[in-house]
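Here is a short note for a colleague who is opening this model for the first time. Please read it with the structure in view.

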Amino acid sequence: MKAVAKLVVLQSTIHRLHKHGHRLWVLVFISFLTFASFAAFLVKEIHLFQAGGFEYKAIANSANRAGIPKDVIEALVHYAGANTSAQMSQGEIRAIAHSVLEKRPSNFLVFGLGHESFLWRILNYGGRTVFLDESEMWVNRLEEKHPEMEAYEVQYTTKVSESEQLLALAKEQSQTDCRPVQNLLLSDCKLGINDLPNYLYEVNWDVILIDGPRGYFPGAPGRMSAIFTASVLGRSKQEVKVTDIFVHDSSREVEKIYSDEFLCRENHVSSIGMLAHYKIQTMGKDSMEFCKNNSTSKAPLSSNLQWKKLTKVRSS
């Protein structure tokens, strides 16, 4: 039987590389571009952090004048310039930081506990920072883990669904219980917060931030009382000075209308993102009007909130 020869062809490694080589070169090229882009970004961030962009320099210089140690300055500048918080944008954090540091050391009152709480305390190094929150659990947890932080629980008696009626009632009592200048400890105004430690009402607050309580559903406490109380505290100071008041989530209807009513449009300085900035001056004891131009707050809360029924204000 005659043997049949078989031809076996071996494909060389060089031939295989030549066939698929273009794919490898594409992968190498993409990897190089990715690395180069990351390196450029990293160098830029380091340069900004060390040399300082405009916002970085402004915050760092203010902190340095306030006597904050260099390592703390670097930490807060990095925090303020980075998007590390889901609650506030970089621009909003910088706006608050600038006012706090500008009034070094300041009396800083914050409505609400959140991701930025530790930053606010660091920014106000050497001053007094007080937090007010609706959650007893969060306040107790903060005091337990960080006893150096000063925080108090507020038992709000209001609801967002009551906002329209509460506003109407406050207007009716603007000459009596809901005056712009008063001792809130003795007030019967339903929007006034009067269950805090007595000495807090005697503090001349330099900066007030309203970032709480919750206000995004009808049964939430809402920020009506916080805005009213901050307005009275800013106007009832013993010293003649200006209080910077910030309202977060200012684009929401309740926050906007209550800010127009008690913080006033003529005191509005600026807005960035969802943060509104007001400057409130001390007023005389006989003052009965929050705003010079009352026409800015005549419009009632609109019905587009689409809530089924407004809860009646409790008479007790």
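**Notes on helix packing, pockets and backbone**

1. Start with helix H7 (residues 163-172) and helix H9 (residues 253-262): their axes cross at roughly 5 degrees and come within 11 Å. Angles under 35 degrees count as roughly parallel, so H7 and H9 are roughly parallel to each other. Keep in mind throughout that this is a predicted model.

2. Which residues make this contact? On the H7 side they are Ser163, Leu166, Leu167, Ala170 and Lys171. H9 brings Val254, Ile257, Tyr258, Glu261 and Phe262. By class, the contact of H7 with H9 has 7 nonpolar, 1 polar and 2 charged residues.

3. H9 also packs with helix H8 (residues 224-235). Here the axes are 9 Å apart and the angle is about 25 degrees. H8 and H9 are therefore roughly parallel to each other as well. The crossing of H8 past H9 is right-handed.

4. From H8, the contact with H9 uses Met224, Ile227, Phe228, Ser231 and Arg235. From H9 come Val254, Glu255, Tyr258, Ser259 and Phe262. Sorted by class, the residues of this contact are 6 nonpolar, 2 polar and 2 charged. Val254 is worth finding in the view: this H9 residue is in the contact with H7 and in the contact with H8. Tyr258 and Phe262 also serve in the H7 contact and in the H8 contact.

5. Next, the open spaces. How much space lies in the largest pocket? The volume is about 570 Å³. Its lining has 26 residues, and the closest to the pocket centre are Gln87, Leu113, Gly114, His115 and Asp133. Two elements give two or more residues to this lining: helix H5 (117-123) and helix H6 (136-145). H6 gives the most, with 4 residues. By class, the lining holds 7 nonpolar, 10 polar and 9 charged residues.

6. The second largest pocket has a volume of about 430 Å³. It is lined by 19 residues, with Gln182, Asn183, Ser236, Lys237 and Gln238 the closest to its centre. Its lining divides into 8 nonpolar, 6 polar and 5 charged residues.

7. How many cavities of 30 Å³ or more does the structure hold? There is 1. The largest cavity contains about 30 Å³ of space. Its lining is made up of Gln87, Val110, Gly112, Leu113, Gly114, Glu116, Ser117, Trp120, Leu209 and Asp211. By class these are 4 nonpolar, 4 polar and 2 charged. Some names recur: Gln87, Leu113 and Gly114 line this cavity, and they are also among the residues closest to the centre of the largest pocket.

8. Finally, two backbone details deserve a look. Most residues other than glycine have a negative phi, and most peptide bonds are trans. Where is the cis bond? The peptide bond from Gly212 to Pro213 is cis, with omega near 0 degrees. Pro213 sits in the loop between strand E4 (207-210) and H8.

9. The second detail is Asp249. Its phi is near 60 degrees, a positive value in a residue other than glycine. Asp249 belongs to the loop between strand E5 (242-248) and H9. H9 is the helix that packs with H7 and with H8, so view this loop alongside points 1 and 3.

Definitions and conventions. Residues numbered from 1 in each chain as written. Predicted model: local features only at pLDDT ≥ 70, side-chain atom pairs only at ≥ 80, totals over all residues. Heavy atoms only, no water. 1 Å grid on protein atoms, 1.4 Å probe; cavity = no way out; pocket = protein on both sides within 12 Å on 5 of 7 lines; lining within 4 Å. Points joined across faces, edges and corners; volume = space filled by probe spheres on them. Nonpolar A, V, L, I, M, F, W, Y, C, P; charged D, E, K, R; others polar. Axes fitted to C-alpha atoms, helices over the stretch in contact; angles between N-to-C directions. Parallel < 35°, antiparallel > 145°, perpendicular 65-115°, else oblique. Contact = heavy atoms within 4.5 Å. Left-handed = near helix turned anticlockwise from the far one by under 90°.
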